[in-house]
Amino acid sequence: MATNQSIITRNNDKIAAQTGNLYESVSIISKRARQIASKNKEELSNKLSEFVSAVDNLEEVFENREQIEISKFYERMPKPTSIATDEFLEEKVYWRYNDEEAQQ
């Protein structure tokens with residue numbers, strides 16, 4: 001992941017340049033961020049499902065080093081909004097308008 005994890009100031013003009021409207025651009029970025037977050041959540045759930053035990057007993061909670069490492073890896077990943085913004089600015093995001101929206 002080449003995305004910068006820290007908070008950085010974005011140029012609103014660059015964000016608005018592709019659509020001509022800042023709010024449309026932010027809407028596109030937010031939809032892409034939701035897609036990324038959903039994919040990451042699904043991947044994490046699939047990986048952690050291997051460690052689920054059939055017994056629901058609070059006294060028998062075991063620490064699994066591999067499970068902890070997987071969780072830490074996903075915590076260190078860049079946020080979906082940062083990834084989506086970078087993809088949008090690099091013109092890697094495809095979007096289209098609905099026919100109804102284009103007529104208005």
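**Entry 1: R10 and its partner**

I started with R10 and looked up its exposure in this predicted model. R10 has a relative accessibility of 27%, so I put it down as partly exposed. The cut-off for buried is under 20%.

Next I asked which residue R10 forms a salt bridge with. The partner is D86, and the closest N and O atoms are 3.0 Å apart. D86 has a relative accessible area of 15%, so I noted it as buried.

I then checked where the two sit. R10 is in the segment before α1, while D86 belongs to helix α4. They are 76 residues apart in sequence, so this pair ties together parts far along the chain from each other.

**Entry 2: the other salt bridges**

How many salt bridges does the structure hold? I found 3.

One of them joins the side chains of E87 and R32, at 2.7 Å from N to O. This pair also links distant parts of the chain. E87 lies in helix α4 and R32 in helix α2, 55 residues apart. I looked up exposure for both. E87 is buried, at 18% relative accessible area. R32 is partly exposed, at 26%.

Then I turned to K92 and E90. Their side chains meet in a salt bridge of 3.0 Å, N to O. Is K92 buried or exposed? K92 comes out at 60% relative accessibility, so I wrote "exposed". E90 comes out at 48%, which means partly exposed, because the exposed class needs over 50%.

**Entry 3: the nonpolar core**

I looked for the largest nonpolar core and found 9 residues in it. I listed them as I15, I28, I29, A33, I36, I83, A84, F88 and V93. Which elements give two or more residues to this core? They are α2 (22–49) and α4 (80–89). The largest share, 4 residues, comes from α2.

I picked I15 from the core and looked up its contacts. I left aside its neighbours within four places in sequence. That gave me R10, L22, S25, I29, F88 and L89. R10 was familiar: it is the salt-bridge partner of D86. I29 and F88 were on my core list too.

**Entry 4: confidence**

Last, I checked how confident the predictor is. The chain averages a pLDDT of 83. I noted that 79% of the residues score at least 70.

Which element has the lowest mean pLDDT, and which the highest? Helix α5 (residues 99–103) has the lowest, at 60. Helix α1 (residues 12–17) has the highest, at 95.

Note on methods. Residues are numbered from 1 along each chain as its sequence is written. This is a predicted model: local features need pLDDT of at least 70, side-chain atom pairs count only at pLDDT 80 or more; totals for chains, interfaces and linings use all residues. Side-chain values use heavy atoms; hydrogens and water are left out. A nonpolar core is a set of buried Ala, Val, Leu, Ile, Met, Phe, Trp, Tyr and Cys residues joined through side-chain atoms within 4.5 Å. Buried means under 20% relative accessible area, exposed over 50%, partly exposed in between (1.4 Å probe, protein chains only). Contact means heavy atoms within 4.5 Å. pLDDT is the predictor's confidence in each residue, from 0 to 100. A salt bridge is a side-chain nitrogen of Lys or Arg within 4 Å of a carboxyl oxygen of Asp or Glu.
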